[in-house]
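Visitor: Hi, could you walk me through this one? I'd like to start with how the chains meet.

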Amino acid sequence: MTRRAPVVVASVCLASALTACSGGGAATDSAPTALNASADLSKQSLTISIWDGYSPKDLPERVKAKLGFDTKVAIHDTNETIMAKLTAGGDSGIDVAFVSGQYAQALNAQGLLEPLHRDLIPNLKNLYPEASQLAYDKGNVFSVPYTWGTTGLCYRSDLVKTPPTSWKDLLEPAKDVKKKITMMTTERWLALPALKLLGASVNTTDQATIDKAKELLLKVKPDLLAYDDTTFGDRLKSGEAVMVEAWDGWCPTSEKNIKFVVPKEGSDLWADTMVILKSSKNKEAAHAFVNFILEPDNHGWVPANILYRIPNKAAMDKVDPKLLESYPTLAEPPSELLKGESLVDLGEASTAYTRLSTEVSAAQ
Amino acid sequence: MVRSRHGWLRLPFWLTYLFLYAPIVVLVVMSFNRNKSPYTWGGFSLDWYGRLAENDSIRTGLVNTLIVAFGSTVLSTVLGTLLAVGLARHTRSRLLDALSTLPAILPDLVIAIGLLVFYSTIKLTLGLHSVLIAHTVFGMAFVTAVVRARLSGMDTSLEEASRDLGAAPLTTFVKITLPTLAPGIVAGALLAFTLSLDEFVIAFFTAAPSEPTLPIVIYSMVRFGVTPEINALATLLLAVSFTVVIVAQRLTRLTEALR
Amino acid sequence: MTARQPARLLGKAAGRVATMGPGFGFLTVFMLVPLALVLSYTVFRRGRFGGVVYEPTGENFTRLADPLYLDVVIGSVKLAAITTLLALLLGYPTAYLIAKLPARWKVIALVAVVLPFWTNFLIRTYAWIVLLNSEGPVNSGLKALGLGPVELLYTDGAIVAGLLYAYLPLMILPLYSAVEKLDPELREASANLGARPARTFWSVTLPLSLPGVLTGCVFVFVPSLGNFVIPELLGGGRRIMVGNLIRDQFLKARDWPFGSVLALAVIAVLVLLLFAQAWAARRAGRGA
């Protein structure tokens, strides 16, 4: 027994020494490395991490044909898991990651992102001017938006008595929709309806406001069917739920009786972005890839196939008008979208939101 | 006569298997449903199996998972069995007992993040090997525990007799101890294999982004709901595993008969 | 006899190193060191945007005293305990009967227990959702019988069912391993001495298989406590377990230091549990 104790002590000492060396998460110098604009890209390769179904299946082939290098596509299911992988220090093996805006902001604050070399991404000009002024990254210093949208209510027009118009319809549900509504679990979006109903900002760090929001959320919990971030579309289709809190791109409006509405109190503006990791050994290829995505024909795959809105003016102008007719959300001008509040990382206050979500989920 | 004594045990026995296979029946049926939604039957169809054959990422994931599962099971079983014997025969330390089972009680996220940070500190490039090592860590704990359960209070007279007759410890181990332990080793290995096959959290963090295991591929696809394509995969996996087991059974009986 | 003792002692040391050396060596490098790395975060701070800042602080430990976390732990322990009990009630008879099967059926029966788990956890869980939800087969059957749709999903019962389903093999396999070795002659002797089957079970079979029972219980209880997917999917996120707490701190709040403290607290309690199990198992083993 005593023979083993030294082993345990030794490993703790070793671990402490390693911790001091690894320096995981400490902010490092974020000056851009010098890149070679005429580097031979065929000698590089690219690994990207993205959500499943968010890019064309033949993307590697397209990239190879136009740019000459191999692309590997890794998939992640949530922002949270890819964040943990990227922040654990060291080289994750990923060159370009697709993460939502506020997470890109956090990655940059930890010194993990390569500042973008604008001369290598001329297609930035294709973006709407507003897309370069989003609050989490003004001027596209470290990220380029890939898709954007808002959060609202997705509902069955045939199963609700009155179409919803306000966040109140979710948080103080009418009798006919009780037990048939869902809310999201991710803490920022869990709090959003309550914050908006209170007239507060989605980026508020005021504890009193957050507490008031918590009260609203606790009050509605017994009337909810479930908290759901992923399968609310299926629930609507089956009729198990009749009204759900949803992101616009996820709401299956292709179904006959499913409609999407942004409540009158307003909502957020989320953006999924592309970022280049500082640890990448293929930075020129990464920049070329981002530039490639911003081509109208490439970026246009997104609205045409998965019905998400993109911040690329050149691409949106080329979207098939028939498509815009069938999906009014797609046709909405960006000015509508930009009424929403852009989500930013809240620094230390993030833990207040995690606490909010813990308290709401734990309440019985 | 022995049968009737166990009559009342039959109920939980069959209930267990019914419980274990109820959702399996559902997913097999769903894999043949033309409709994507499980709530409406759209007619019998093999479409999803066709889609499955074309899905590269699933194929890669499956191969990677099998490599990791077999590799980590072999390593876990060897290390774990030795450890169990050592704990039972060569020490009375409860601290060591607890230490050997520690990986089984650690939250998987802790193991996952701990190993990722460790790998990055020693600058180990990620790959299937990094997942294999991670899976061996907890696989070992399960093998050790299961084999220990068998060793506990086991009759040591045969082993002692063998030693008294002059056999070297290694011979005693191989010829006497191991065969008696066999059912425990098989149960432990089976457990380690099963756990590795379907493990997501640790695999996600310790795998290279370009070499995912099957659970990683499937979890990441869940964004748009479970498609019948995945149910088709599960059904195929079941059919193949079942066949392999039956064949292996027949083979062992054949070799025994031939001895 | 005395002349052989030094040789025996050397043999003993060699035996120790040969059997436990490789295993503990492996575990030290790949479990203890990584664990120490993560637990070292407990004394440091969360960076403003996540990550770890290496400034020592004790605030993570003081935050632990919040009753919110205790409530979650108690709720989790309750559900995990119920799951473990049900697993034992279903698992023991199953393991027992498998052990009594003729050899050719034993392996098939054992594999049949784990075969469902060679598919995918998420798929199986979604299959349960299909089974249990208000439009699914179980409720349709109940509706036909006039027992009306029952809210099966998004309840604590659904969580227990899901956990039981996920971890039942972890009860059955160790139990099988322990029960299979039991000498049937002991039971026959007991019967011949006039004891009824129930008495034989309580006085002979159960004590002898206790190490397996304890192992099985730990293997079901612990992961049930730490599972975070089932409370979300089958419980509808209406109840969180200890696993969700830890996951949320590491992944959502990106507060690795506090997540480590929570993990440390949970691990400490579970290690005590392990010690208790090891102590009881050794006692039972000696008594045989």
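Guide: Happy to; we will go through two interfaces, then one strand and one whole chain. Keep in mind that this is a predicted model.

Visitor: Good to know. How many residues of chain B and of chain C go into their contact?

Guide: Chain B puts in 99 residues and chain C puts in 96. The buried area there is about 8900 Å², and carbon and sulfur atoms give 79% of that. On the chain B side, Phe19(B), His90(B) and Ile105(B) supply 8% of the area buried against chain C, more than any other three residues.

Visitor: And how many salt bridges are there between chain B and chain C?

Guide: The count is 2. In a salt bridge between these chains, the side chain of Arg150(B) meets that of Glu180(C), at 3.2 Å from N to O. There are also 13 residue pairs in polar contact across the interface of chain B and chain C, both residues being at pLDDT 80 or more.

Visitor: Which helix of chain B gives the most to the side that touches chain C?

Guide: That is helix 2 of chain B, residues 10-31, with 15 residues. By class, the side of chain B that touches chain C splits into 69 nonpolar, 17 polar and 13 charged residues.

Visitor: OK, switching partners. What does the contact of chain C with chain A look like in numbers?

Guide: Here 39 residues of chain C touch 54 residues of chain A. The two chains bury about 3800 Å² between them, with 58% from carbon and sulfur atoms. Phe49(C), Arg238(C) and Lys252(C) supply 19% of what chain C buries against chain A, more than any other three residues.

Visitor: How many salt bridges does the rule find across that interface?

Guide: It finds 4 between chain C and chain A. Asp345(A) and Arg254(C) meet through their side chains in a salt bridge, 3.2 Å from N to O. For polar contacts, the number is 10 residue pairs, both residues at pLDDT 80 or more.

Visitor: Which helices of chain C are involved?

Guide: Helix 1 (4-40), helix 3 (67-100) and helix 11 (242-252) of chain C each supply at least two residues of the side that touches chain A. Helix 1 of chain C has the largest share, 8 residues. That side of chain C holds 18 nonpolar, 9 polar and 12 charged residues.

Visitor: Let's look inside chain A. Which way do the side chains of strand 9 point?

Guide: They alternate along residues 258-261 of chain A: Ile258(A) and Phe260(A) point to one face and are buried, while Lys259(A) and Val261(A) point to the other and are not. In general, side chains in a regular strand alternate between the two faces of the sheet.

Visitor: Is the pairing of strand 9 with strand 5 of chain A parallel or antiparallel?

Guide: Antiparallel, over 4 bridges, with strand 5 covering residues 151-156 of chain A. Within that pairing, Arg156(A) has Ile258(A) as its bridge partner.

Visitor: Back to chain B. How many helices and strands does it have?

Guide: Chain B has 12 helices and 0 strands. Its C-alpha trace spans about 70 × 60 × 40 Å along the principal axes. Of the 259 residues in chain B, 59% are buried. Among contacts in chain B between residues at least 6 apart in sequence, 72% join residues at least 24 apart.

Visitor: Why is helix 11 of chain B described as largely enclosed?

Guide: Because 8 of its 8 residues, 214-221 of chain B, are buried, helix 11 is largely enclosed by the rest of the structure. Among the buried residues are Leu214(B), Tyr219(B) and Met221(B).

Terms used: Residues are numbered from 1 along each chain as its sequence is written. Chains are lettered from A and ligands numbered from 1 in the order in which they are written. Side-chain values use heavy atoms; hydrogens and water are left out. Contact means heavy atoms within 4.5 Å. Buried area is the accessible area (1.4 Å probe) that two parts lose on being put together, summed over both. A polar contact is a pair of N or O atoms within 3.5 Å; within protein, one must be able to donate a hydrogen and the other to accept it, and residues adjacent in sequence count only if both atoms are side-chain atoms. Ala, Val, Leu, Ile, Met, Phe, Trp, Tyr, Cys and Pro count as nonpolar, Asp, Glu, Lys and Arg as charged, and the others, Gly among them, as polar. Buried means under 20% relative accessible area, exposed over 50%, partly exposed in between (1.4 Å probe, protein chains only). Two strands pair if DSSP finds at least two bridges between them.
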